Every structure is written in C-alpha cells, then in structure tokens.
Amino acid sequence: MSDLSAKAKASPNIAFIKYWGDRDPDLRIPANSSISMNLADLFTITSVAFQADLKADHLILNTRTISGTGLARVRKFLDRVRSMAGIDWFARVNSENNFPIGAGIASSASAFASLALAASSAAGLELSEAQLSSLARTGSGSACRSLPGGFVEWQAGDDHYSSYAFSIAPPEHWDLVDCIAIVSQVSKSIGSTEGHALAKTSPLQNSRLEDTPRRLEICRQAILNRDFEALAYICELDSNMMHAVMMTSSPPLLYWQPGTVEIMQAVQTWRKEGLPVFYTIDAGPNVHVLCQASFTEKITQKLEQIPGISKVLTSHPGGPAQLLAS
Ligand code: DP6
C-alpha cells in the first residue's frame, strides 16, 4: 500500500447568529453558539493523498502551490488527523473553489470542512458527523457548520468533543436565497483568527455574549416556523452587534466600505417598501442580502444597479459535506 486517498466536497455557510471571540483559540472553542445556512451553489472540492514516499506535506489551492502560514495551518490540521489514525505519512492536498478567488467570500469554512472529510477518510478513520464537525472546527471555527446540511447550529460546548454543529432543518425546509453583493475583492488586513482574539477587548462583547441565548432562540424559532420577518429582525441585530464589538475593540476593526453602508440602507428602504429582505455581514465589506427564492431576480437586479457593486453571487440552502469518488 503506497497511497491512502479520498476526495470531498463542502459548501461555505452564512452565519445568521455569528461566532465572534474564542474561549480557546488553539482548539477554536467559541465564546458563543451560532446558527448558519449552508450555501449550495458555492463549494470547495478537496482531495488528500497520504503517500509513503513524500518528505513533506504539499498544498495546492486553486492551482497555486501554497507555502508559509497557509501551509502551516493545513500541516497542523493534518498532524491531528495523523495522530488520530496512527499514521506518519505526509500528504498531497489539492483544493479548488468554484467561486472566484478574491471574491471576498470566506473560503476557510468549505476548505476545512472538505479537508476534514477527505483527510479523515483517506487516513482510514470512520468518524460520525459530530466528530467530523469537531475535527473541522480545529482548522477553522466556522468550518464545523459546513459538515451537517441545511440550517445548522454550532453548540459552543466547553471542550473538543462537546463543541460541534448539527442540523436543525434540512435544506429543503425553506428556500431562502443568499444574494452576495461584492463590494470589494481586496483581501482584508485583519483576518477572522486575529479578530476573534480581539473580541474580548471590546467593552460591548460581554453584553453581546449575555444576550446570545435569547438571539439564538429567536433565530431557531424563526427558521423552524419559516418566519421571515423574525429572521430578518434577529439577523440584522446580530450582525450589527458583532460589528459594534469589532468597531470598539482595541485596536478597532472597521470592515465596512462606503458601498457596504449603501447596501445596508438600501435593504432597509426596500423592506419598508414591502420587499422581504435582510442583510448580514461577516468580517469583510461584502453584504449578504437574504430573501425568499421568488424575490431573487428582483433583489439581484436592484443590487446590480448600485454603483460600485462589481458582482452579485446567489445561492440556495446547501446539503452536508460529502465524499466523492476519488
Ligand atoms: C464573522 O471561522 O473564519 O464569519 O476560526 O479563525 O477560521 P477562524 O474564524 P472563522 O470566523 C468566522 C467569523 C464570522 C462569523 C461566523 O461565520 O460565524
């Protein structure tokens, strides 16, 4: 035997209730639980081959060979898989996204979810969905939410085994569409990993954390009851609370660009005019505008008319990460 290989596919997810701040940065145990929706139309396919003859791990991302911190993060993840499986072979990892590089869509969630599934399967491990989710979390926190399908909750937990995500409703439950308005393709100067470490320096973070069980419950019920108005209210509130923490941490993080604010205001106006729509924003300037599927064309057209928006990507709710024939 000279090759242990597997290939897997996973989608990124958009958080409705956000993860911001770590209790354990090394294991990525979050300060709060979170809720998200997988994005079917965007995905990453990752193949992993552990080989007896390799002298080091190799990483190719969107056809480019990666070294430095990107490779180090993947190597650390592979070390965990190797120690779980009791193997010591290095691996070749090849990862490709179907969404444009530098489109400002966080790809670490789909990258580490597909890597967790491919690497554990290549190494001969048979893990449950919860175990795969915990494993993916150690590569990128939000990646644990891309293992289960549809609408997903990540229970913060308090150790490696209790911090994992599970599905609260399948993708068919509610045909929502995420219209992602690309405001800027420039990569951000402070990434999420550094941002999580700063969260506790904001005087607002504790209040945000204390209020999280309430927001989680409103969000869960809104999803289960397909209550768009309640979901719109809680998602905008949660996104604004996370950005308030970001803006008041030391040093402060301001991810918004003028185009970001323009879309936030437009979405609020459209809602007052009767369109069921809301926004949510991650650690970057692009805006996720959510609507029910029947409004997708209308919302996309309206977004495209706003000057400075270079592109609008759309996605329906997505299923779980899956193994592909390698
Ligand atoms: C703002 O999962 O990208 O998108 O664990 O350092 O990889 P790392 O962080 P990451 O953080 C996501 C932050 C967020 C909110 C969210 O997706 O919940």
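Here is a quick tour of this structure, covering two sheets, the helices on them, a ligand site and two backbone details. Keep in mind that the model is predicted. One open sheet has 6 strands, and another open sheet has 4 strands. There is also a ligand, with 17 residues around it.

**The sheet of 6 strands**

- Going across this open sheet, you meet the strands in the order β8-β7-β9-β6-β1-β16, and the pairing is mixed.
- At the edges stand β8 (64-66) and β16 (322-324); each has a single partner strand, so one side of each is left without a neighbour in the sheet.
- From one strand to the next, the twist averages 25°.
- Take a look at β7, which covers residues 58-61: this strand pairs with β8 in the antiparallel sense, over 3 bridges.
- If you want a spot to find in that region, L61 stands opposite R64 in β8.
- Helix α1, made of residues 68-85, lies across β6 (44-51), β7, β8 and β9 (90-97). Its run makes an angle of about 125° to β9.

**The sheet of 4 strands**

- This open sheet goes β13-β14-β12-β15, and here the pairing is antiparallel.
- β13 (277-280) and β15 (311-315) are the edge strands, and each of them pairs on one side only.
- The twist in this sheet averages 25° from one strand to the next.
- β13 pairs with β14 (residues 287-292) over 4 bridges, in the antiparallel sense.
- One bridge to look up involves T280, whose partner in β14 is H288.
- Helix α7 (residues 258-272) lies across β12 (176-182), β13 and β14, and runs at about 155° to β13.
- Helix α8 (residues 296-304) packs on the sheet as well, touching β12, β13, β14 and β15. The direction of α8 makes about 10° with that of β12.

**Around the ligand**

- Of the 17 residues around the ligand, the ones that come nearest are R28, S140, G141, S142 and T193.
- R28 has a polar side-chain atom 2.8 Å from an oxygen atom of the ligand.
- For T193, a polar side-chain atom lies 2.6 Å from an oxygen atom of the ligand.
- H196 joins in too: an N or O atom in its side chain is 2.9 Å from an oxygen atom of the ligand.
- How much of the ligand does the protein bury? Taken alone, the ligand exposes 460 Å², and the protein buries 96% of that.
- Helix α4, which covers residues 192-198, gives the most to the shell around the ligand, with 3 residues.
- Sorted by class, the shell is made up of 5 nonpolar, 7 polar and 5 charged residues.

**Backbone details**

- R28 turns up again here: its phi is near 55°, a positive value in a residue other than glycine.
- As for where R28 sits, look in the loop between β3 (22-24) and β4 (29-30).
- Which peptide bond is cis? That would be the one from S250 to P251, with omega near -5°.
- P251 is found in the loop between α6 (228-247) and α7, and α7 is the helix that lies across β12, β13 and β14.

Terms used
Residues are numbered from 1 along each chain as its sequence is written. This is a predicted model: local features need pLDDT of at least 70, side-chain atom pairs count only at pLDDT 80 or more; totals for chains, interfaces and linings use all residues. Side-chain values use heavy atoms; hydrogens and water are left out. Two strands pair if DSSP finds at least two bridges between them. Helices (H or I, at least four residues) and strands (E, at least two) are DSSP runs, numbered from the N terminus. Axes are lines fitted to C-alpha atoms, for helices over the stretch in contact, and angles run from 0 to 180 degrees between N-to-C directions. Contact means heavy atoms within 4.5 Å. A residue is near a molecule or strand if one of its heavy atoms lies within 4 Å of it. A polar contact is a pair of N or O atoms within 3.5 Å; within protein, one must be able to donate a hydrogen and the other to accept it, and residues adjacent in sequence count only if both atoms are side-chain atoms. Accessible areas come from the Shrake-Rupley method with a 1.4 Å probe; for residues, only the protein chains shown count as cover. Ala, Val, Leu, Ile, Met, Phe, Trp, Tyr, Cys and Pro count as nonpolar, Asp, Glu, Lys and Arg as charged, and the others, Gly among them, as polar.
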